[in-house]
Amino acid sequence: TPDITSSCKEADYGIKNLEKVVRTRKCCPPNIKKTIKPFVFPTEKTVKVRWPAHNGSKEQVEKYKRAIQAMKDLPEDHPHSFIQQAKIHCAYCNGGYTQVDSGFPDIDIQIHNSWLFFPYHRWYLYFYERILGKLINDPTFALPYWNWDNPAGMTIPEIFLNDTRTPNPLFDIYRDARHLPPQLVDLDFGGGERDTTSEIQIACNLSTVYRDLVRNGADTKSFFGGEYVAGDAPVANGDKSVGSVEAGCHIAIHRWVGDSTQANFEDLGNLYSAGYDPLFYAHHSNVDRMWTLWKSLGIQGHTEPTDPDWLNASYVFYDENEDLVRVYNKDCIKMDKLKYKYYEESESVFPWRKSRP
Ligand code: C2O
């Protein structure tokens, strides 16, 4: 549990060439004097349906752009502003907070590379989506997901690209120029370019998804990641305890999209800057969807952790009403209680199901 009300510091963890950063390392939340409220489950009837970014309706795309633009138009120090929302990731991931609330003021909090990865990002997107919905006054507003597990979604979705006629709020300049469409994503990207045909790349990608959801994610800890509890030092990327999706498709996409000509592969290629690319949230929406798909495979062993250390781990976020709320892992397990779900065309849910590597 971070003490976000008083103990935030400048981000330094995992950032190289400090003088060459293109985003700020001052990532602490604004106006932090408020009290922290307990989380209350949403009571509305509507369920938000997240949609595939390569296949959104005109209306979905238009609302999404309008909402992101509204977020960008807020004063920078507003807790809902685009920049503040991006900084949340930096503060939780690059040494902004310590474990002071648990009695370890000298140990940083790191929500990556362990079993906190899925629940933390689920909550982050939950609030992000509701804030966007509130900004355009639309209770049905739902985020898109970058459907990279489906051949039709294996490029950066068009809606995020530069538009020479009208400025696109979903565009970000810090992306690798070699990886714009029609270049297919490499879900097993490790830094080296793979010179291959589309057919082979698609086949590799499908096997990589299979690898992360089935072969390497056979039980709770291999899928979610290893135990990380109060008093533990931050776990480094590459450590054995990183969950299969996090270590696999997830990180590959971060590295593949981030601009390799920048010192820290900004934006997506480093955690401190990742939230500045709107694509980050669509990517993580699909990562979150992997959790759901993994469960729906119905394979024995595909269950969430039941350890109280996991269930009771918590984070603090600004909600759509600008209240600070504390949320627990145990309350994000059931998506229907959070009133959102993923749009699924039945035949295309598991295009990789027969792609055993
Ligand atoms: Cu918090 Cu994809 O990283």
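In the predicted model, W123 is in contact with Y315, F317, V327 and C332 when residues up to four places away in sequence are left out. W123 also belongs to the largest nonpolar core, which has 88 residues; Y92, Y120, W123 and L279 are those with the most contacts inside this core. Helix 3, residues 117–135, makes the greatest contribution to the core, with 10 residues. In soluble globular proteins, nonpolar side chains tend to be buried together.

Helix 3 lies across strand 6 and strand 7 and runs at about 15° to strand 6. These strands belong to an open sheet of 3 strands in the order 1-7-6, in which the pairing is mixed. Strand 1 (36–38) and strand 6 (314–318) each have a single partner strand and stand at the edges, so one side of each is left without a neighbour in the sheet. From one strand to the next, the twist averages 40°. Strand 6 pairs with strand 7 (residues 324–328) in the antiparallel sense, over 5 bridges. Within strand 7, L324 is the residue that stands opposite Y318.

A further open sheet of 3 strands has the order 5-2-8 and parallel pairing. Its edges are formed by strand 5 (144–145) and strand 8 (340–342), each of which pairs on one side only. Between strand 2 (residues 48–52) and strand 8, parallel pairing extends over 3 bridges. R50 has Y342 in strand 8 as its bridge partner.

Two sets of histidines are annotated in UniProt. For the feature "binding site", the unreviewed UniProt entry lists H89, H112 and H121. These residues are spread over 33 residues of sequence but cluster in space, the largest C-alpha distance being 10.3 Å. H89 is located in helix 2 (residues 82–93). H89 counts as buried because 26 C-beta neighbours lie inside 10 Å, against a cut-off of 20 or more. Beyond residues up to four places away in sequence, H89 touches L271, A274 and G275. H112, in contrast to a helical placement, is found in the loop between strand 4 (104–108) and helix 3. H112 is likewise buried, with 25 other C-beta atoms within 10 Å. The contacts of H112, with residues up to four places away in sequence not counted, are C93, F117 and L271. L271 is thus touched by H89 and also by H112.

The unreviewed UniProt entry also places a "binding site" feature at H250, H254 and H284. Although H250, H254 and H284 span 35 residues in sequence, no two of their C-alpha atoms are more than 10.1 Å apart, so they gather at one spot. H250 lies in helix 6 (residues 244–257) and is buried, with 22 other C-beta atoms within 10 Å. Apart from neighbours within four places in sequence, H250 is in contact with V245 and V287. H284 is situated in helix 7 (residues 279–296) and counts as buried, with 24 C-beta neighbours inside 10 Å. With neighbours within four places in sequence set aside, H284 contacts H121 and L125. The contact between H284 and H121 links this set with the one listed by UniProt as H89, H112 and H121.

According to the unreviewed UniProt entry, the feature "domain: Tyrosinase copper-binding" covers residues 277–288. This span is 83% helix and 0% strand, and its end C-alpha atoms lie 18 Å apart.

Several backbone features occur outside the helices and strands. P181 and P182 are joined by a cis peptide bond with omega of about 10°; P182 lies in the loop between strand 5 and helix 4 (198–215). The peptide bond from E266 to D267 is also cis, with omega near -10°, and D267 is placed in the loop between helix 6 and helix 7. Positive phi values in residues other than glycine include that of N17, near 45°. N17 is located in the segment before strand 1 and counts as exposed, with 9 C-beta neighbours inside 10 Å. N137, which is not a glycine, has a positive phi of about 55°. N137 lies in the loop between helix 3 and strand 5 and is exposed, with 9 other C-beta atoms within 10 Å.

Terms used. Residues numbered from 1 in each chain as written. Predicted model: local features only at pLDDT ≥ 70, side-chain atom pairs only at ≥ 80, totals over all residues. UniProt positions renumbered as here; feature names shortened; annotations may be inferred. Helix = DSSP H or I, 4+ residues; strand = E, 2+ residues; numbered from the N terminus. Buried ≥ 20, exposed ≤ 12 C-beta atoms within 10 Å, placed from the backbone. Contact = placed C-beta atoms within 7 Å. Core = buried A, V, L, I, M, F, W, Y, C linked by C-beta atoms within 7 Å. Pairing = 2+ DSSP bridges. Axes fitted to C-alpha atoms, helices over the stretch in contact; angles between N-to-C directions.
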